[in-house]
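Please open the model in a viewer and keep the sequence at hand. The tour below proceeds by selection, with a short account of what each selection shows.

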Amino acid sequence: MYYYYYICCDLFRAAILALTKRWGTKTQFGIGLTALLIYVGLTGLQPSVLRAAIMGVGALVALLTHRQVKPLGSLLLAATILLIINPLWIWDLGFQLSFLATLGLLVTVPPLVKNLDWLPSVIAALIAVPLAALLWTLPLQLYVFGMIAPYSVVANIIGTPLISLISLGGFLSALVALISPLAGSAIAGLLYYPLQGLLELVRFLNALPASSVALGTISLMQLLLLYGLIGITCISSRVQMRGIFVGVIALTIIALPIWQTRLEQFQVTVLVADQEQVLVIQDQGQVTLVNSGETDTANFTILPFLQKQGVNQVDWAVAVDSQPRFRSGWVPILESLPVKRFYDLAHSEPLPTDTQAIAEAVQSQNGIYEVVSTEQRLAVGATGSGEKTTIELIKAQPPIVQLQIKDRTWLLLGDMPPDEQNQFAQRDNLPQIQVLWWSGEPLTPRLVDVLQPKVAIASAEVIEPQAAKLLQNAQIELYWTGRDGAIQWTPEQGFETTLEANRTDAALF
């Protein structure tokens with residue numbers, strides 16, 4: 001949608017010039033420049049807005065000096081001026097998308113319109129404009145978000161006239177309101193209907209199946225190859241004539257690495273979620289999600305991670321925590337992704353209050369919801385050799401869960417007071433674990449001595465100092481999300497962190 005700033009700016013400039021064409025070029029320049037300044041004031045000093053405004057000023061200067069505008073030169077000049085003002089804008093996603101979308105309009109719309117010459121010119125332009133913008137911004141969207149919206153071109157084709165009307169009407173109402181607030185409000189009121197129509201269009205398209213599809217983020221090399229392919233296509237008319245062949249190459253660049261990764265990938269990730277213990281297991285395209293955390297955790301941590309990984313459904317969801325606060329994230333997750341099988345390990349009497357709502361949400365997706373009792377072993381995922389990841393609820397309150405992930409035994413330990421930890425350590429047949437996963441709260445020496453983990457992972461901003469010292473004295477490798485970020489384990493690479501940290505920095509405890 002970033003190219004709409006360019007379109008709206010061009011619309012305002014064209015409208016002003018049309019209304020003032022009898023008044024001479026100097027008057028047109030003055031009024032046009034004033035209108036652009038008002039436009040920038042109304043929309044904000046964003047890089048994409050400023051880029052459109054600078055290009056608009058360039059067009060006005062060309063009008064005043066009776067010279068022809070060179071659009072590509074104007075775009076390059078606008079980008080240069082903005083980066084001189086603030087060089088860090090080159091990393092701004094809005095600046096990047098705006099620049100690419102506008103470049104697409106300038107170099108790709110003409111050949112697209114030419115290929116659509118069998119359609120009326122207005123319809124051909126309506127199709128070519130969003131298609132060109134999508135073509136140039138899609139690789140960057142995949143690189144950053146890993147998502148595509150299949151209906152975006154249709155939405156833009158239908159929405160462009162509405163957005164143009166709303167933009168021009170809003171600009172007019174603001175100007176009129178400076179003279180007569182009542183008249184300005186009346187004009188703004190007329191915009192209710194096109195605005196409501198645009199909102200209904202968005203709601204309708206979002207409700208359609210596969211309104212957004214996660215493909216997974218692409219690499220920098222894939223990004224450069226795609227833009228190289230797009231650039232060659234725009235330059236060479238011979239390549240343009242082989243559009244289908246070019247499209248197949250582009251799809252291969254995107255799909256082949258993604259397909260190969262999913263075929264071979266086995267990865268366990270402990271996400272950064274404060275003291276909420278959230279785990280994602282990716283097993284050759286099959287996904288197991290343990291816990292949801294709070295609503296913000298689901299919306300801003302779990303769902304973005306799954307989208308970037310190209311996950312469009314959760315095969316197994318496992319709810320361990322029974323606290324309503326730490327279960328609220330299941331609502332946005334179930335609204336965004338289908339869950340094939342939901343295991344509720346938060347077995348308490350009475351059951352959590354949201355149990356019925358979660359069960360209905362899962363069943364509405366034709367999934368299976370099941371409440372799991374203690375000592376019931378679940379098998380989730382499957383590798384090519386037929387191995388299963390198993391999950392067993394050892395204790396419900398507070399939760400203690402054993403996970404067998406390949407040759408590693410993990411123990412998820414909920415918040416337990418020291419006396420309960422010592423009681424648990426006295427149990428017979430405690431598993432020999434390799435990974436202790438807890439919330440960073442105090443640990444007793446007796447429990448650590450009995451479990452003897454090789455690795456300890458804390459889902460916490462900070463770790464209780466005595467627990468950290470206890471683990472270090474026992475020479476247990478220690479990770480925690482507050483220092484290390486998300487923690488990933490693969491059979492080949494072992495444990496890796498997403499943040500570089502000084503592991504001897506005691507001030508972080």
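Helices, in the sense used here, are DSSP runs of H or I with at least four residues, numbered from the N terminus. The structure on display is a predicted model.

**First selection: helix α13**

Select residues 295–308, which make up α13. At 1.5 Å a residue, its 14 residues should span 20 Å, and the end C-alpha atoms are 19 Å apart, which agrees. Next, centre the view on Ile302, where α13 bends by about 30°. A proline, Pro304, follows within four residues.

Now colour the buried residues of α13: Thr297, Ala298, Ile302, Leu303, Phe305 and Leu306. Among the elements that cover them are β3 (266–270), β4 (279–283), β5 (286–290) and β6 (314–319). The cover also includes α14 (330–336) and β16 (487–490). To leave the helix, move on to Gly310, which follows α13 and has a positive phi, near 75°.

**Second selection: the sheet**

In what order do the eight strands of the open sheet stand? The order is β8-β7-β6-β5-β4-β3-β16-β17, and the pairing is mixed. Select β8 (368–371) and β17 (494–497) at the edges: each has a single partner strand, so one side of each is left without a neighbour in the sheet. On average, neighbouring strands of this sheet are turned by 15° against each other, direction ignored.

Strands of a sheet pair through backbone hydrogen bonds, either parallel or antiparallel. For one pair, select β4 and β5, which pair in the antiparallel sense over five bridges. Within this pair, Gln282 stands opposite Val287 in β5.

With the sheet still visible, bring back α13, which packs on the sheet and touches β3, β4, β5, β6 and β16. The direction of α13 makes about 15° with that of β4. Then add helix α15 (residues 355–364), which also packs on the sheet, touching β7 (339–344) and β8. The direction of α15 makes about 150° with that of β8.

**Third selection: two loop residues**

Select Asn291 in the loop between β5 and α13. Asn291 has a positive phi of about 75° although it is not a glycine. Is Asn291 buried or exposed? Its relative accessibility is 7%, so Asn291 counts as buried, the cut-off being under 20%.

Finally, select Gln452, in the loop between α17 (445–451) and β14 (455–458). Gln452 is another residue other than glycine with a positive phi, here near 50°. With a relative accessible area of 48%, Gln452 is partly exposed.

Technical notes: Residues numbered from 1 in each chain as written. Predicted model: local features only at pLDDT ≥ 70, side-chain atom pairs only at ≥ 80, totals over all residues. Heavy atoms only, no water. Helix = DSSP H or I, 4+ residues; strand = E, 2+ residues; numbered from the N terminus. Expected span 1.5 Å × (residues − 1). Bend = angle between axes of the 7 residues up to and from the residue. Buried < 20%, exposed > 50% of the residue type's maximum accessible area, 1.4 Å probe, protein only. Contact = heavy atoms within 4.5 Å. Pairing = 2+ DSSP bridges. Axes fitted to C-alpha atoms, helices over the stretch in contact; angles between N-to-C directions.
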